[in-house]
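Reader: Please take a close look at a single helix of this model and describe how it is set among its surroundings. I would also like each term to be given with its cut-offs.

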Amino acid sequence: MAEDKTARALALAKSRHAGQRRFGGAAYIVHPVAVAEDLKGRGYGEDYYITALCHDLLEDTDTSEAEIAAVGGGEVLRAVQLLTKPRPYDMGAYLGGIQKNPLAKAVKCADRLDNLRDCVQAPLAFQKKYYAESLRWYRAFMAGTPFEADFEAALVVLGQKIVKKTSKSDEKD
């Protein structure tokens, strides 16, 4: 039964993210799958995996809350709701809500880590913005979690990439 639930969540995520792309051109579905696999590798269970697969559906597709609840149940839906940024949103309030829900928090940590790693393929201006946002908001959010060391390592890599790109840009001037 668990496999069926996970398979249904993966099928939903694949169908709804069809045609979407990541920086660098990869199919968008690689992101929620990478987040889910990271959580699985750290020993998190099925609800975490399913939440990871569904975490961007409300924000980035026309998927309904009922569809998410049908594949994941109420706890998964609540976590996905918390992970969905309202428009407009206040970062402090957004992360504060996530912080109170262990399921949403673990998924957000894995999500940010994957995005941070993938960000090296983004344009320089986006990299700088994402790096600064990660320092300001996510360093404290990640503190004490199983993701903290990997997050810090990814920050270093992105920071080095920014310095390298900025130096090359300065040399051209």
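Author: What follows is an account of one helix, its packing partner and two single residues elsewhere in the chain.

This is a predicted model, in which local features need pLDDT of at least 70 and side-chain atom pairs count only at pLDDT 80 or more, while totals for chains, interfaces and linings use all residues. Residues are numbered from 1 along each chain as its sequence is written, and side-chain values use heavy atoms, with hydrogens and water left out.

The helix in question is helix 8, residues 102–118, where helices are DSSP runs of H or I with at least four residues, numbered from the N terminus. Its 17 residues should span 24 Å at 1.5 Å a residue, and the end C-alpha atoms are indeed 24 Å apart; the expected span is 1.5 Å times one less than the number of residues. At the N-terminal end, Asn-101 acts as a cap, with a side-chain oxygen 3.0 Å from the backbone nitrogen of Leu-103. Because 15 of the 17 residues are buried, helix 8 is largely enclosed by the rest of the structure; buried means under 20% relative accessible area, exposed over 50% and partly exposed in between, with a 1.4 Å probe and protein chains only.

Helix 2, residues 30–41, packs against helix 8 at an angle of about 125°, and the two axes are 9 Å apart. Axes here are lines fitted to C-alpha atoms, for helices over the stretch in contact, and angles run from 0 to 180 degrees between N-to-C directions. The two helices are therefore oblique to each other, since angles under 35 degrees count as roughly parallel, over 145 as roughly antiparallel, 65 to 115 as roughly perpendicular and the rest as oblique. On the side of helix 2 the contact is made by His-31, Ala-34, Val-35, Asp-38 and Leu-39, and on the side of helix 8 the residues include Ala-106, Val-107, Ala-110 and Asp-111; contact means heavy atoms within 4.5 Å.

Two residues outside these helices complete the picture. Phe-126 is found in helix 9, residues 124–142, and counts as partly exposed at 30% relative accessibility. Leaving aside its neighbours within four places in sequence, Phe-126 is in contact with Phe-23 and Cys-119. Thr-61, in the loop between helix 4 and helix 5, is buried, with a relative accessible area of 16%. Beyond its neighbours within four places in sequence, the contacts of Thr-61 are Arg-16, His-17, Gln-20 and Asp-56.

Methods: Polar contact = N/O pair within 3.5 Å; in protein donor to acceptor, adjacent residues only side chain to side chain.
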